[in-house]
Amino acid sequence: EYLSIRKALIESGHGGRLAVGEGDIPIYEIVNKLKNSGYRGAFSIEISSMLDLAGKMRRSIDNLKSLIK
């Protein structure tokens with residue numbers, strides 16, 4: 001399970017150009033699987049594109065927060 005999630009994140013990440021929840025990664029399904037498996041640890045966000053960095057980070061945080069509630 002972990003390896004398939006990690007592989008999806010690496011291969012579909014658009015090189016950090018999009019905010020979390022705005023790309024091809026099925027982030028809602030991934031987060032639900034993690035929550036259902038009992039995971040209660042931290043999540044991190046990495047955005048490598050400097051274009052609209054603040055906007056992408058804010059949207060990423062908001063999208064991730066809505067998923068982990």
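Confidence in this chain bottoms out in helix H1 (residues 2–11), with a mean pLDDT of 50, and peaks in H3 at 88. Those are the numbers to keep in mind from the start, since what you have on screen is a predicted model. Across the chain, pLDDT averages 77, and 77% of the residues score at least 70. Where pLDDT is low, the predicted coordinates should not be read in detail. With that in mind, the walk below stays with H2, H3 and the loop that joins them.

First, the overall layout. The secondary structure amounts to 3 helices and 0 strands, which reads α-α-α along the sequence. Of the 69 residues in the chain, 20% are buried. As for how the chain contacts itself, take the pairs at least 6 apart in sequence: 57% of those contacts join residues at least 24 apart.

Now for the helix pair. Helix H2 covers residues 27–36 and helix H3 covers residues 53–68; their axes come within 10 Å and cross at roughly 40°. That angle is why H2 counts as oblique to H3. The crossing of H2 and H3 is right-handed. If you want to select the contact in your viewer, pick Ile 27, Tyr 28, Val 31 and Lys 35 on the H2 side, then Leu 64, Leu 67 and Ile 68 on the H3 side. By chemistry, that set splits into 6 nonpolar residues, no polar ones and 1 charged.

Two of the H3 residues in that contact deserve a visit. Start with Leu 67, which lies in helix H3. Its relative accessibility is 11%, so Leu 67 counts as buried, the cut-off being under 20%. Which residues does Leu 67 contact, once its neighbours within four places in sequence are set aside? They are Ile 27, Tyr 28, Val 31 and Lys 35. For a distance to check, the C-alpha atoms of Leu 67 and Val 31 sit 6.9 Å apart, with their positions 36 residues apart along the chain.

Leu 64 is also in helix H3. Its relative accessible area is 9%, so Leu 64 is buried. Leaving out residues up to four places away in sequence, Leu 64 touches Val 31, Phe 43 and Ile 45. So much for side-by-side contacts; there is a C-alpha pair to look at too. Leu 64 and Gly 21 are 43 residues apart along the chain, yet their C-alpha atoms are separated by 7.7 Å.

Staying on H3, move to Ser 60, which has its place in this helix. Is Ser 60 buried or exposed? Its relative accessibility is 0%, so Ser 60 counts as buried. Around Ser 60, again ignoring residues up to four places away in sequence, the contacts are Ala 19, Val 20, Ile 45 and Ile 47. Notice that Ile 45 turns up in the contacts of Ser 60 and also in those of Leu 64.

The last stop is Asp 52, in the loop between H2 and H3. What is the sign of phi at Asp 52? Phi is positive there, at about 55°, although Asp 52 is not a glycine. If you are checking backbone dihedrals, this is a residue to look up. In terms of accessibility, Asp 52 has a relative accessible area of 44%, so it is partly exposed.

Notes. Residues numbered from 1 in each chain as written. Predicted model: local features only at pLDDT ≥ 70, side-chain atom pairs only at ≥ 80, totals over all residues. Heavy atoms only, no water. Axes fitted to C-alpha atoms, helices over the stretch in contact; angles between N-to-C directions. Helix = DSSP H or I, 4+ residues; strand = E, 2+ residues; numbered from the N terminus. Parallel < 35°, antiparallel > 145°, perpendicular 65-115°, else oblique. Left-handed = near helix turned anticlockwise from the far one by under 90°. Contact = heavy atoms within 4.5 Å. Nonpolar A, V, L, I, M, F, W, Y, C, P; charged D, E, K, R; others polar. Buried < 20%, exposed > 50% of the residue type's maximum accessible area, 1.4 Å probe, protein only. pLDDT = per-residue confidence, 0-100.
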